[in-house]
Amino acid sequence: MSGRQGRSFLACLNCKSEFDCGPYLSGCPACSTDRDRHVLEVRYDLETLRATRVMAEWEKRPFGLWSYRELLPLPPEIEPVTLFEGGTPLIRVETNGPGRIWIKDETRNPTQAHKDRFHSVSVSMAKHLGFTKVTAATTGNHGTSLAAYAAKASQRSLIFHDPRSPRVLRDLCQLFGASVVVTEARLALLAWMVQERSWYPSTGLTPGPIATPYGIEGYKSIAIETALQLGGRVPTRFYVPVAQGDILYGIWKGFRELAQISPGMPASTKMYAVQSTGCAPIVQAFKDGLNRIPLHPHPNTVALSIGDATGAAVTLSALRDSQGGACEVPDAEILRAVRTLARIGVAAEPSAAAALAAALRSQEDGAFDADEDIVCLVTGAAVKWPETIALSYEPHCLQENDTKALMAWIRSIDSE
Ligand SMILES: *Cc1c(COP(=O)(O)O)cnc(C)c1O
Ligand SMILES: [Zn+2]
């Protein structure tokens, strides 16, 4: 460690080998085989950060992701690629049951999803490592966010879309200058672009066979911001809608590192993964006590952004290490939570409302004490998923030119 004082580096979660931060795109080179790849993640000189009381410093800085760059892998002298992501509000949701329920509103990010925290760090590292071409596979939000950051970094981007991704997100990718391929074969093509054509994969942590350790570091800022917003306390529970689960692992890594650098702050936040009953492979694997996540044979949910057929094993370790849990909620309950959010002025896509749906149900079941802070991550905005909006409201719209009928309708509203 001493040779790395003050610098970030990579460590293998399996064999513990350490490496300088570099272009490791398929897991640990020391212990991985083609069949079995192991995760590299970024480590920091936390002792020095603890000694310098960096948290007190952060309180004075503007609210946003790059204010916490002591815990990000980009060397301090390098300009980040940023669209001013992060710094999102923590909003109280009034409920009747015990515990204070909050939402962390990630719809306020530049491309209206938490993924912007990921790609700001990931594309910054891609550029720093000398790449000029970036690629990813997506159900929509992930790729759109990458396209925006690639544009900002003047990088070429190629995005492989799931055939179920909405038209508006394919359009947005192209507006940002990306090339778009819509195909079922997206993961194999992504691997080929990376291994044979040297494109940088802006992907998550799980080697499968392609992975990068950097993007998820951006998610830690959600933990740091939340602790600052709660006045230096960490929440008791954190509910997160998960697909692969990089987001959940990233937030948990943030709480862990916060506890290591802040005297007196425990890493006591219980993490909860939330999925739809129509596709819940992580929830199932957690309940079955597995270490790997089996493939769901036929995902079927309106919450497409959390409808991945499988997920990252590190998500399971975050749930266990934090003594949290995993919940599945039916689509109908997710759509009801979209309505609950709309009533406080927040327009979420279905996937983004799943965490609140699960927390509200747990509250009803009596799982919370009165003095708890429960945070639900609202991951992405409704506007990008236009086909799903109408599923969450009672139509109340009249198109009419006949004055008599028009006035009758308006009067009925007026006299409500
Ligand atoms: C990608 C996404 C998720 C899940 O994130 P993972 O890190 O893949 O688990 C949740 N909600 C929305 C809206 C997303 O776009
Ligand atoms: Zn290893």
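This report covers a zinc site, a small sheet, a buried strand and a ligand pocket in a predicted model.

Local features need pLDDT of at least 70 and side-chain atom pairs count only at pLDDT 80 or more, while totals for chains, interfaces and linings use all residues; side-chain values use heavy atoms, with hydrogens and water left out. Residues are numbered from 1 along each chain as its sequence is written, and chains are lettered from A and ligands numbered from 1 in the order in which they are written.

**Zinc site**

The zinc ion (ligand 2) has protein donors Cys 12, Cys 15, Cys 28 and Cys 31. Each contributes its SG atom, lying 2.3 Å from the ion. Donors here are N, O and S atoms within 2.8 Å of the metal (3.2 Å for Na, K and Ca); water is not among the atoms, so sites may look incomplete. The four donor atoms subtend angles of 104 to 113° around the zinc ion, which makes the arrangement tetrahedral. Four donors count as tetrahedral if all angles lie between 85 and 135 degrees. Along the chain the donors follow the spacing C-x2-C-x12-C-x2-C. The pair Cys 12 and Cys 28 links distant parts of the chain, 16 residues apart. Cys 12 sits in strand 1 (residues 9–12), and Cys 28 in the loop between strand 2 (18–20) and strand 3 (40–43). Strands are DSSP runs (E, at least two residues), numbered from the N terminus.

Cys 12 counts as buried at 1% relative accessibility. Cys 28 counts as buried at 1% relative accessibility too. Buried means under 20% relative accessible area (1.4 Å probe, protein chains only). Leu 25 lies in the loop between strand 2 and strand 3. Leu 25 is buried, with a relative accessible area of 15%. Leu 25 and Ala 326 are 301 residues apart in sequence and 29 Å apart in space, C-alpha to C-alpha.

**Three-stranded sheet**

An open sheet of three strands has the order 2-1-3, with antiparallel pairing. Strand 2 and strand 3 are the edge strands, each pairing on one side only. The twist averages 35° from one strand to the next. For this, axes are lines fitted to C-alpha atoms, and angles run from 0 to 180 degrees between N-to-C directions. Strand 1 and strand 2 pair over three bridges in the antiparallel sense. Two strands pair if DSSP finds at least two bridges between them. Leu 10 stands opposite Phe 19 in strand 2.

**Strand 13**

Strand 13 (residues 373–378) is largely enclosed by the rest of the structure, because six of its six residues are buried. In a regular strand the side chains alternate between the two faces of the sheet. Both faces of strand 13 are covered. Asp 373, Val 375 and Leu 377 are buried on one side, and Ile 374, Cys 376 and Val 378 on the other.

Strand 5 (residues 100–105) runs parallel to strand 13, joined by six bridges. Ile 101 has Ile 374 as its bridge partner in strand 13. Strand 10 (residues 237–241) also runs parallel to strand 13, joined by three bridges. There, Phe 238 has Val 375 as its bridge partner.

**Ligand 1**

Ligand 1 is surrounded by 15 residues (each with a heavy atom within 4 Å). The closest are Lys 115, Asn 141, Ala 243, Gly 245 and Thr 379. The table lists polar contacts, pairs of N or O atoms within 3.5 Å.

| Residue | Protein atom | Distance to an oxygen atom of ligand 1 |
|---|---|---|
| Lys 115 | polar side-chain atom | 2.8 Å |
| Asp 246 | backbone N or O atom | 3.4 Å |
| Ile 247 | backbone N or O atom | 3.0 Å |

Methods: Four donors count as tetrahedral if all angles lie between 85 and 135 degrees; four count as square planar and six as octahedral if opposite donors are over 155 degrees apart and all others between 65 and 115; anything else is irregular. Helices (H or I, at least four residues) and strands (E, at least two) are DSSP runs, numbered from the N terminus. Buried means under 20% relative accessible area, exposed over 50%, partly exposed in between (1.4 Å probe, protein chains only). A polar contact is a pair of N or O atoms within 3.5 Å; within protein, one must be able to donate a hydrogen and the other to accept it, and residues adjacent in sequence count only if both atoms are side-chain atoms.
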